[in-house]
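Me: I've got a structure open and I'd like to talk it through, one question at a time. Can you take them as they come?

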Amino acid sequence: MARESGVSRTTVSYVLNGKTGVAISESTRQRVRDTAARLGYTPSAAARALRSGRSDLVLCVLPDWTVGPVIDTLLDDLTTRLADRGLSVLVHRSRGSRPLSELWRAVTPRVVLGLGPFAEEDERAMRRAGITVVGSALDEDAHPRTFSVPQARIGRLQVEHLAERGHRVVGYAAPGDDRLAAFADRRLAGVVEGCRVLGLPAPRVEVVGLDLASAAAAVRGWGAGDDPVTAVAAYNDEVALAVLAGLRAEGLRAPHDVAVIGVDDIPAARFVEPALTTVGQAVDAQARYFVDAVVAALDGTAEPPAQPDDGLHVIARAST
């Protein structure tokens, strides 16, 4: 680049790094910048990190979950908010047996943000390497100082809403994807607890894949026996939409024959017929918390930001 610009390497370095207080004319600076653009020069993140002693990269570690609308919205909001603070986000989806240490050693992040809990040995190794670690958890009581969305409470809210509508026999539509077990088991536990507290029979669980045959089979299972299920709490909205399709395939209607409630309030929930009742989450508040936690950790603040209210609320629509 120095050769193409007709200047010294030092001059190129001063221009590209925006160094002030040196006698370089504006025409020379512009010539260097034009040459950089023509040659497709981009700064090396690793070199910047070596020079400054820190990078501007936040490594966001996502467990091997399916990425639905809620996670997608959270990552988009998180990326935008951190960009406003001069930080870039690299999302890593954990799969296979590759150690996390190989990744953070390769990309030299300034912060590692976990959307799920880290193994203790991984967290210790990152902190020993001088990397700021911000984690989260799935169980609110197990990690009182760590952010969590109370998954069991989601299930309890579903049951409470259905019981308020007069339903006494509840089914649970579990997802068919094993990668969702960490969430599904906790939500089902909340449904079970909600039924117990309200004096209802234990929920009748059926696995519902995202296909019509699976959903229709589940509907037939719920309708069998002396006490057929009259309301279904679904793992999420996608599973709930499958349940609605299964009801139609079996000649049944929601909520007349079986009420259905989902989780997440995805856009399709508002437009399906009947419109889907669901449990909404305050994803924007979650993103704000993560950003504030990252900034507080970088600033060396002793206390993490106050955790937001869980933001869970039932959005009642026609399906119940």
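Me: Let's start with Asp 265: is it buried or exposed, and what is its relative accessible area?
Reply: Sure, and keep in mind that this is a predicted model. Asp 265 sits in the loop between E10 and H12. The cut-off for buried is under 20% relative accessible area. Asp 265 falls below that cut-off, so it counts as buried, with a value of 17%.

Me: What is the phi of Asp 265?
Reply: Most residues other than glycine have a negative phi. Asp 265 goes against that habit: it isn't a glycine, yet its phi is positive, at about 55°.

Me: Which residues are linked with Asp 265 in a network of salt bridges?
Reply: Asp 265 is a buried residue, and its side chain takes part in a salt-bridge network. The other members of that network are Arg 270 and Arg 317.

Me: Where is Thr 108, and what is its phi?
Reply: Thr 108 is in the loop between helix H6 (100–107) and strand E3 (111–114). Its relative accessible area is 38%, so it counts as partly exposed. Thr 108 is not a glycine, but its phi is positive, at about 45°.

Me: How many salt bridges does the count come to?
Reply: To be counted, a Lys or Arg side-chain nitrogen has to be within 4 Å of a carboxyl oxygen of Asp or Glu. One pair that passes is Arg 179 with Asp 177, at 2.8 Å between the closest N and O atoms. By this rule the count is ten.

Me: Is Asp 177 buried, partly exposed or exposed, and what about Arg 179?
Reply: These two form a salt bridge with each other. Asp 177 has a relative accessible area of 26%, and Arg 179 has 30%. Buried would need under 20% and exposed over 50%, so Asp 177 and Arg 179 are each partly exposed.

Me: What is the N to O distance in the salt bridge of Asp 77 and Arg 81?
Reply: Asp 77 and Arg 81 are both in helix H5 (residues 69–83). They are four residues apart there, about one turn of the helix. Their side chains meet with N to O at 2.9 Å.

Me: Of Asp 77 and Arg 81, which is buried and which is partly exposed?
Reply: The line for buried is drawn at under 20% relative accessible area. Arg 81 has 27%, so it is partly exposed. At 18%, the buried one is Asp 77.

Me: Which residue forms a salt bridge with Arg 127?
Reply: The closest N and O atoms of this pair are 2.9 Å apart. Both residues are in helix H7 (residues 120–128), four residues apart, so about one helical turn separates them. Arg 127 is partly exposed at 44% relative accessibility, and its partner is partly exposed at 27%. That partner is Glu 123.

Me: How does H5 lie against H13: parallel, perpendicular or oblique?
Reply: H5 and helix H13 (residues 283–299) pack with their axes 9 Å apart, at an angle of about 40°. That angle makes the arrangement of H5 against H13 oblique.

Me: Is the crossing of H5 and H13 left-handed or right-handed, and how many charged residues does the contact have?
Reply: H5 passes H13 in a right-handed crossing. By class, their contact has nine nonpolar and two polar residues, and the charged ones number four.

Me: Which residues in H5 meet H13?
Reply: On the H13 side, the residues in contact include Ala 287, Arg 288, Phe 290 and Val 291. The H5 side has the salt-bridged Asp 77 and Arg 81 among its contact residues. The full H5 set is Val 70, Thr 73, Leu 74, Asp 77, Leu 78, Arg 81 and Leu 82.

Me: Which residues does Ala 216 touch, leaving out those up to four places away in sequence?
Reply: Ala 216 is in helix H10 (residues 212–223), and at 7% relative accessibility it is buried. Its C-alpha is 7.5 Å from that of Val 243, which is 27 residues away in sequence. The residues Ala 216 touches are Gly 246, Ala 249 and Glu 250.

Me: Which residues does a cis peptide bond join to Pro 255 and to Pro 274?
Reply: Most peptide bonds are trans. Pro 255 lies in the loop between helix H11 (237–249) and strand E10 (259–263), and the omega of its cis bond is about 0°. Pro 274 is in the loop between helix H12 (268–271) and strand E11 (277–280), with a cis omega of about -5°. The partner of Pro 255 is Ala 254, and that of Pro 274 is Glu 273.

Methods: Residues are numbered from 1 along each chain as its sequence is written. This is a predicted model: local features need pLDDT of at least 70, side-chain atom pairs count only at pLDDT 80 or more; totals for chains, interfaces and linings use all residues. Side-chain values use heavy atoms; hydrogens and water are left out. Helices (H or I, at least four residues) and strands (E, at least two) are DSSP runs, numbered from the N terminus. Buried means under 20% relative accessible area, exposed over 50%, partly exposed in between (1.4 Å probe, protein chains only). Contact means heavy atoms within 4.5 Å. Axes are lines fitted to C-alpha atoms, for helices over the stretch in contact, and angles run from 0 to 180 degrees between N-to-C directions. Angles under 35 degrees count as roughly parallel, over 145 as roughly antiparallel, 65 to 115 as roughly perpendicular and the rest as oblique. A crossing is left-handed if the near helix is turned anticlockwise from the far one by less than a right angle, and right-handed if clockwise. Ala, Val, Leu, Ile, Met, Phe, Trp, Tyr, Cys and Pro count as nonpolar, Asp, Glu, Lys and Arg as charged, and the others, Gly among them, as polar.
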